[in-house]
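This report is intended for a reader who has not met the structure before. It turns to an annotated site, then to a pair of rings, and lastly to the nonpolar cores.

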Amino acid sequence: MIDAVIVLGLAGTVAGTGLLIASKKFSVEKDERIEKIIEVLPSANCGGCGYPGCAAFANALIDGSAQVNGCPVGGNDVAQKIAEILGVEFSTSVKKVARVRCNGGHSNCQEKYQYDGPGDCHSIVMLAGGTKQCIYGCVGGGSCVTACKFDAIYIGNEGIPIVDAEKCTACGACVKACPRKLIEIVPVDKRFTVTCRSIDKGVDAKNFCKVACIACKLCQKNCPVDAITVENNLAYIDPNKCINCGKCKEVCPTKAINEF
């Protein structure tokens, strides 16, 4: 009995020693810069950087697969601190903001029925295609509001989400939450947006919504820098080309282009 105990004890000691040696030999040394980066990140874990959390983003920065300005919540201040930790150069970038591409509120867009259920856009869209005659418009369920961790978006009096540009971090959570894909992230200094996503023909679109794009192409023809294209019965302003002249808004007959 004593011999068995001694043998087991020796075997355990040998095994433990082997594991200790193996852990030392095969251990991966953690880069101390990761913790420093995590400390300067806002800890929002919103996924706006494209990674599942701040820690994953920090690791991606170390292995070179992420950019120092990849955190939309932290903005330029955090990007500068990360650049200093990594010892790289960084130039400030333009702040971005979420824009809602629909203006078909209660007074503009015909409604099919009054919804009385969970405040969730996905549930509303599944019920007869939504509350509005326009099957492309915002249903006002507030999924984007729920998704926003920064209290930067709310439902206005017309039942359409309104973005507070000062609070918005361009994390993209609202973009992912919208079942109609009505929200996009654009540079905050690009003020003009086509607030419509209908691809119905002009007559049909106008019948359902007073402020729908009717693809008349007046905005495209009057844009001095060719920043506007009209495809599938819908106009779109390229924010990378737009110079904020406002001519598109002036000529739009249905007021489908808005200034923010």
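In this predicted model, the residues C46, C49, C54 and C71 are covered by the annotation "binding site", which comes from an unreviewed UniProt entry. These residues span 26 residues in sequence, yet no two of their C-alpha atoms are more than 9.6 Å apart, so they gather at one spot.

Two of the annotated residues can be placed in more detail. C46 belongs to the loop between α2 (32–40) and α3 (54–63), while C71 is found in the loop between α3 and α4 (75–86). Because its relative accessibility is 10%, under the 20% limit, C71 counts as buried. The table lists the contacts of these two residues and of C248, a residue of the largest nonpolar core; neighbours within four places in sequence are left aside.

| Residue | Contacts |
|---|---|
| C46 | V73, K149 and C171 |
| C71 | L41, P42 and F57 |
| C248 | F192, C219, I228, I237 and I257 |

F57, one of the residues that C71 touches, also takes part in an aromatic pair. The structure holds 1 such pair. Its partners are Y51 and F57, with 6.1 Å from centre to centre and 40° between the planes, and the pair is tilted. An angle of 40° is neither under 30 degrees, as stacked rings require, nor over 60, as edge-to-face rings require, which is why the pair of Y51 and F57 counts as tilted. The accessibility of the partners can be stated as well. F57 counts as buried because its relative accessibility is 2%, whereas Y51, at 24%, counts as partly exposed.

The remaining topic is the nonpolar cores. In soluble globular proteins, nonpolar side chains tend to be buried together. The largest nonpolar core of this model comprises 25 residues, and those with the most contacts inside it are V194, I228, A235, I237, C248 and I257. At least two residues of this core are supplied by each of β5 (192–194), β6 (228–231) and β7 (234–237). β7 provides the largest share, 3 residues. Apart from this core lies another one, of 21 residues, among them I34, A66, A83 and L86.

Within the largest core, C248 touches I228, I237 and I257, which are likewise among the residues with the most contacts there.

Notes
Residues are numbered from 1 along each chain as its sequence is written. This is a predicted model: local features need pLDDT of at least 70, side-chain atom pairs count only at pLDDT 80 or more; totals for chains, interfaces and linings use all residues. Side-chain values use heavy atoms; hydrogens and water are left out. Rings of Phe, Tyr and Trp (its six-membered ring) pair if their centres lie within 6.5 Å; planes under 30 degrees apart count as stacked, over 60 as edge-to-face and the rest as tilted. Buried means under 20% relative accessible area, exposed over 50%, partly exposed in between (1.4 Å probe, protein chains only). UniProt positions are given in the numbering used here, feature names are shortened, and annotations may be inferred rather than shown by experiment. Helices (H or I, at least four residues) and strands (E, at least two) are DSSP runs, numbered from the N terminus. Contact means heavy atoms within 4.5 Å. A nonpolar core is a set of buried Ala, Val, Leu, Ile, Met, Phe, Trp, Tyr and Cys residues joined through side-chain atoms within 4.5 Å.
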